Amino acid sequence: MNTAIKRALEILEYLTMESDPKGEGVSSIGRQLGIPKSSAFDILDSLLELGYVECHDHKHYKIGNKAAYLGFKVIEEHPFSKVARKHLEVLCRESGLTSFAGIACGSNLLITDKLPPAKGMSVSGCIGSTKPIHISAMGKAILAYYDEDDVKDTIGSACFVSYTRNSIINFNQLFKNLRAVRKNGFSVNNFEEDDYVCGIGAPVFDATGRVCGAVECSAFMQEGENDPQALALLVKQCAARITEDIKNLNKQ
C-alpha cells in the first residue's frame, strides 16, 4: 500500500473519530498516529488544499466539509438508509421514543438516521455521529452476528471503557451478552453508556442474510423501570420490515 495514501486516510479517520472537537495540531496528530511531523504537515497541507480538512487559528485541524459530504453521500446511497426511514417513522410513532438506525463503521457504530419522539425528551446522538460499537443496543445487535474472532478484530481490547457500573469491560462479558442477543433476537443497552438511558435494538440483514445494520429505541429512565419485552416486539418488527425491503430492493 502506498504509504502517503495510507497516512492520509489514517489522518482523516483520526480527525473524524478520535480527535478533539476543537481540532488537533500537527504535532499531536503525528504523535498519535506515529507519523513524522514533517510528513503529517505535508499531508495535512494537501488535504487542506483539497477541502478535506479545515485549519483554525493556523494550527488546529478539523475534518472538512468535503469529507463530510462524502460521508453523508455514502450514508444516503447505502441500501439500508434508502429503505429504513419510513419504517423508523412507524417505530418512533408507535413507541413514542427516540428511534435510531445505524451501521457498523470499523470499531464504531455510525448513526445513519434519528427521529425524536413527538413528546418528551430526545436521547442524544446525531446523524453522522459515532460511538464504540459495543456500548449501544444497535452495535450489539450487529456484533451478535459476527464470528467471535471478527468481534475481537473489530473492537480491539482498547475499546473497553467503563462509562457506568453496567458497562461491558471485557470480552467474556461481551460474548455472554451477544449470545443472549442471538437467542432473543434483540439487544439491550442496559444503562451501559449513561446512567439514565436504556435502549432496545434489533439487527437488519441484507439479501444474502448478512447483518448490515440495526435499529433502536432509546429513552431516559431509572434502572428498574424498563421492561425490555414491552419494546422488543416493536423494534424487531421494524428491523424485519427493513430487512424485507432490502431483499426486495435487491431483486429490482
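Tyrosine 196 sits in the loop between β6 (187–190) and β7, and that makes a handy starting point for a tour of this predicted model. From there we can look at a surface patch, a set of paired strands, one helix with a clear inner face, and the salt bridges, of which the structure holds seven.

**Around tyrosine 196**
- Tyrosine 196 has a relative accessibility of 46%, so it counts as partly exposed.
- Together with Met121 and Phe220, Tyr196 forms a nonpolar patch on the surface. The three residues add up to about 350 Å² of accessible area.

**Strand β8 and its partners**
- Strand β8 covers residues 211–220, and nine of its 10 residues are buried, which leaves the strand mostly covered.
- Strand β7 (residues 197–205) runs antiparallel to β8, and nine bridges join the two. One pairing to look for is valine 204, whose bridge partner in β8 is glycine 213.
- β7 and β8 make a hairpin with five residues between them. In that turn, glycine 209 has a positive phi of about 90 degrees.
- Strand β3 (residues 98–105) is also antiparallel to β8, joined to it by five bridges. Here serine 99 stands opposite cysteine 217 of β8.
- As general background for viewing these strands, side chains in a regular strand alternate between the two faces of the sheet.

**Helix α3**
- Helix α3 spans residues 37–50, 14 residues in total. From first C-alpha to last it reaches 20 Å, close to the 20 Å expected at 1.5 Å a residue.
- Which residues of α3 are buried? They are Ala40, Ile43, Leu44 and Leu47. Looking down the axis of α3, these buried residues fall within an arc of 100 degrees, so they line one face of the helix.
- The general rule behind such a pattern is that an α-helix has 3.6 residues a turn, so residues three or four places apart point the same way.
- Ser38 and Glu49 are exposed on the other side of α3.
- Glycine 51 comes just after α3 and takes a positive phi of about 90 degrees.

**Salt bridge within helix α5**
- Glutamate 89 and arginine 85 meet through their side chains in a salt bridge, at 3.9 Å from N to O.
- Both residues belong to helix α5 (residues 79–95), where they are four residues apart, about one turn of the helix.
- Glutamate 89 is partly exposed because its relative accessibility is 36%, and arginine 85 is likewise partly exposed, at 33%.

**Salt bridges between separate parts of the chain**
- Lysine 140 and glutamate 192 have side chains that meet in a salt bridge at 2.8 Å, N to O. Lysine 140 is in helix α6 (residues 137–143) and glutamate 192 in the loop between β6 and β7, so this pair ties together parts 52 residues apart in sequence.
- Are these two partners buried or exposed? Lysine 140 counts as buried, at 0% relative accessibility, and glutamate 192 counts as buried too, at 4%.
- Arginine 179 and glutamate 148 form another salt bridge, at 4.0 Å from N to O. This pair links distant parts of the chain, 31 residues apart: arginine 179 lies in helix α8 (residues 171–184) and glutamate 148 in helix α7 (residues 148–155).
- Arginine 179 is partly exposed, with a relative accessible area of 43%, and glutamate 148 is partly exposed at 40%.

**A shared network**
- Arg85, Glu89 and Asp113 are joined into one network by salt bridges that share partners.

Conventions: Residues numbered from 1 in each chain as written. Predicted model: local features only at pLDDT ≥ 70, side-chain atom pairs only at ≥ 80, totals over all residues. Heavy atoms only, no water. Expected span 1.5 Å × (residues − 1). Buried < 20%, exposed > 50% of the residue type's maximum accessible area, 1.4 Å probe, protein only. Arc of directions from axis to C-beta. Pairing = 2+ DSSP bridges. Patch = residues over 30% accessible without salt bridge, like charges linked within 9 Å, V, L, I, M, F, W, Y side chains within 5 Å. Areas by Shrake-Rupley, 256 points an atom, 1.4 Å probe, with all protein chains shown as cover.
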